[in-house]
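Here is a short briefing for a reader meeting this structure for the first time. Please look over the sequence and the model before reading on.

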Amino acid sequence: MKIAIGCHIMWYEIEMIEEYVQSLHQLIEEAPREDRENICVDFYLNLSQHFEKPNSDILSKGGLLEIEDRFKGAILPSLYGLGCRVTHNIGDSLYFIGDYRRDFNNMFAPNTDFLIWGESDCLLPKQTVQILKSIKD
């Protein structure tokens, strides 16, 4: 069984995404080792400032570069080493969640049994893989 989990993250959601990634970590750890290689987690970190500008607090902490570094250095590595595949893109163009989901579906649907559209404020149950396996069976 193949599962793809995707999440579009706006730069201002960086605080929320850590808890989401922790739930992904638990979900993947709960899956049997042989099933983990069939799980792909995909992220798109959107640094676009078209509609939302960083406030002075964010700018004083290093701005969007700090957010990108935090994403790549603290958030993504927590999923490495679990046996799943982790992919990500970072961009600053006008790219919405609908655009991401269309691209995510086109990229993963042809070779995947289940697609999960993650949200930055979503927590996935650690039993997700077992539940999906029961549904598939």
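The points below cover the sheet, the helices packed on it, the cores and the cysteines.

This is a predicted model. Its four-stranded open sheet has parallel pairing. Helices H1 and H4 pack on that sheet. The largest nonpolar core holds 33 residues, and the structure has zero disulfides.

**The sheet**
- The strand order is E3-E2-E1-E4.
- Strand E3 (85-91) and strand E4 (114-118) are the edge strands. Each has a single partner, so one side of each is left without a neighbour in the sheet.
- From one strand to the next, the twist averages 15 degrees.
- Strand E1 covers residues 3-10 and strand E2 covers residues 39-46. Eight bridges join these two parallel strands.
- Within this pairing, isoleucine 9 stands opposite leucine 45 in E2.

**Helices on the sheet**
- Helix H1 (residues 14-30) touches E1, E2 and E4. The direction of H1 makes about 170 degrees with that of E1.
- Helix H4 (residues 63-75) touches E1, E2 and E3. The direction of H4 makes about 175 degrees with that of E3.

**The cores**
- Which residues of the largest nonpolar core touch the most other members? They are Ile5, Tyr20, Phe43 and Leu79.
- Two or more residues of this core come from each of E1, H1, E2, H4, E4 and helix H6 (128-136).
- H1 gives the largest share, seven residues.
- Tyrosine 20 has contacts that include Ile5, Gly6, Cys7 and Phe43, leaving aside residues up to four places away in sequence. Gly118, Glu119, Ser120, Cys122, Leu123 and Leu124 are also touched by tyrosine 20.
- A second core is separate and has seven residues. Among them are Cys40, Tyr44, Phe104 and Phe108.

**The cysteines**
- No disulfide is present in the structure. The cut-off for one is two cysteine sulfur atoms within 2.5 Å.
- Cysteine 7 is in no disulfide. The nearest cysteine sulfur belongs to cysteine 122 and is 7.9 Å away.
- Is cysteine 7 buried or exposed? Cysteine 7 is buried, with a relative accessible area of 1%.
- Why does cysteine 84 form no bond with cysteine 40? Their sulfurs are 7.8 Å apart, which is too far for a bond. The sulfur of cysteine 40 is the closest cysteine sulfur to that of cysteine 84.
- Cysteine 84 is also buried, with a relative accessible area of 15%.

Definitions and conventions
Residues are numbered from 1 along each chain as its sequence is written. This is a predicted model: local features need pLDDT of at least 70, side-chain atom pairs count only at pLDDT 80 or more; totals for chains, interfaces and linings use all residues. Side-chain values use heavy atoms; hydrogens and water are left out. Two strands pair if DSSP finds at least two bridges between them. Axes are lines fitted to C-alpha atoms, for helices over the stretch in contact, and angles run from 0 to 180 degrees between N-to-C directions. Contact means heavy atoms within 4.5 Å. Buried means under 20% relative accessible area, exposed over 50%, partly exposed in between (1.4 Å probe, protein chains only). A nonpolar core is a set of buried Ala, Val, Leu, Ile, Met, Phe, Trp, Tyr and Cys residues joined through side-chain atoms within 4.5 Å.
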